[in-house]
Amino acid sequence: IAAALTDGVPVAFCYAGAVTESLWDISIESLPRWRRQGFAAQAVAFELARLAVLGKAPVWGAVESNVASLGLAAKLGFVPVDEVWVFSVPDDPAPP
């Protein structure tokens with residue numbers, strides 16, 4: 001796991017959510033107060049370099065509604081290559 005710090009406080013994190021023989025799934029968490037300030041990008045850049053040394057290529061997945069994640073991916077040079085359809089149950093399904 002990589003953490004980006006400000007004033008000695010970790011505020012954004014990047015880690016491999018899943019790893020295969022050649023790929024790793026990028027997972028990112030940022031504390032709300034420090035979002036959109038470049039901290040997540042720093043953490044991701046560190047993990048990209050660290051895992052590249054191990055021969056692992058990154059995979060970035062985000063739902064279309066996660067505009068911040070898609071923007072960060074584009075900023076870091078990722079481009080869409082495929083899509084996956086995700087079906088989910090509503091948070092509060094209506095009673096039958």
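This passage walks through the overall build of the chain, its pockets and a few individual residues.

The model is a predicted one. Its chain has two helices and four strands, and going along the sequence these elements come in the order β-β-β-α-β-α. Measured out by its C-alpha trace, the chain spans about 50 × 35 × 20 Å along its principal axes. Of its 96 residues, 24% count as buried. The exposed surface comes to about 7,100 Å², with carbon and sulfur atoms supplying 60% of it. As for how the chain folds back on itself, take the contacts with a separation of 6 or more: 49% of them are between residues 24 or more positions apart.Two pockets come next, beginning with the largest. The largest pocket holds about 820 Å³ of space. Its lining is made up of 20 residues, and those nearest the centre are Trp-60, Gly-61, Ala-62, Asp-82 and Glu-83. Two elements, β4 (57-59) and α2 (67-75), give two or more residues each to this lining. The largest share comes from α2, which provides three residues. Sorted by class, the lining of the largest pocket has 15 nonpolar residues, alongside two polar and three charged ones.

The second largest pocket has about 480 Å³ of space. It is lined by 22 residues, with Ile-28, Ala-40, Ala-68, Ser-69 and Leu-72 closest to its centre. Here β3 (23-30), α1 (39-53) and α2 each supply at least two residues of the lining. The class breakdown for the second largest pocket is ten nonpolar, eight polar and four charged residues.

Trp-60, one of the residues nearest the centre of the largest pocket, also takes part in an aromatic pair. The count of such pairs comes to one. In it, Trp-60 and Phe-78 sit 5.1 Å apart, centre to centre, with 55° between their planes, an arrangement classed as tilted. The pair ties together distant parts of the chain, with Trp-60 in the loop between β4 and α2 and Phe-78 in the segment after α2, 18 residues apart. Trp-60 has a relative accessible area of 17%, so it counts as buried, the cut-off being under 20%.

Strand β3 offers two residues for a closer look. Ile-28 is found in this strand, and it is among the residues closest to the centre of the second largest pocket. Leaving out residues up to four places away in sequence, Ile-28 touches Phe-13, Ala-40, Val-44, Trp-60 and Leu-72. Two of these partners, Ala-40 and Leu-72, also appear in the list of residues closest to the centre of the second largest pocket. Ile-28 is partly exposed, with a relative accessible area of 24%. Val-84 lies 56 residues away from Ile-28 along the chain, and the C-alpha atoms of these two residues are separated by 19 Å.

Ser-30 belongs to strand β3 as well. With a relative accessible area of 16%, Ser-30 is buried. Its contacts, neighbours within four places in sequence aside, are Val-11, Ala-12, Arg-35 and Ala-40. Ala-40 thus turns up as a partner of Ser-30 and of Ile-28.

The loop between β3 and α1 holds Gly-38 and Arg-36. Gly-38 is partly exposed, with a relative accessible area of 26%. Its C-alpha is 9.2 Å from that of Ala-4, a residue 34 positions away in sequence. Arg-36 has a phi near 60°, which is a positive value in a residue other than glycine. Arg-36 is exposed, at a relative accessible area of 77%.

A positive phi also shows up at Asp-7, where the angle is near 55° and the residue is again something other than glycine. Asp-7 is found in the loop between β1 (2-6) and β2 (9-19). Like Arg-36, Asp-7 is exposed, and its relative accessible area is 80%.

Conventions: Residues are numbered from 1 along each chain as its sequence is written. This is a predicted model: local features need pLDDT of at least 70, side-chain atom pairs count only at pLDDT 80 or more; totals for chains, interfaces and linings use all residues. Side-chain values use heavy atoms; hydrogens and water are left out. On a 1 Å grid over the protein atoms alone, a cavity is a set of points where a 1.4 Å probe fits but cannot get out, and a pocket is an open set with protein on both sides within 12 Å along at least five of seven lines; lining residues have an atom within 4 Å of a point. Grid points are joined across faces, edges and corners, and a volume is the space filled by probe spheres set on the points. Ala, Val, Leu, Ile, Met, Phe, Trp, Tyr, Cys and Pro count as nonpolar, Asp, Glu, Lys and Arg as charged, and the others, Gly among them, as polar. Buried means under 20% relative accessible area, exposed over 50%, partly exposed in between (1.4 Å probe, protein chains only). Contact means heavy atoms within 4.5 Å. Accessible areas come from the Shrake-Rupley method with a 1.4 Å probe; for residues, only the protein chains shown count as cover. Rings of Phe, Tyr and Trp (its six-membered ring) pair if their centres lie within 6.5 Å; planes under 30 degrees apart count as stacked, over 60 as edge-to-face and the rest as tilted.
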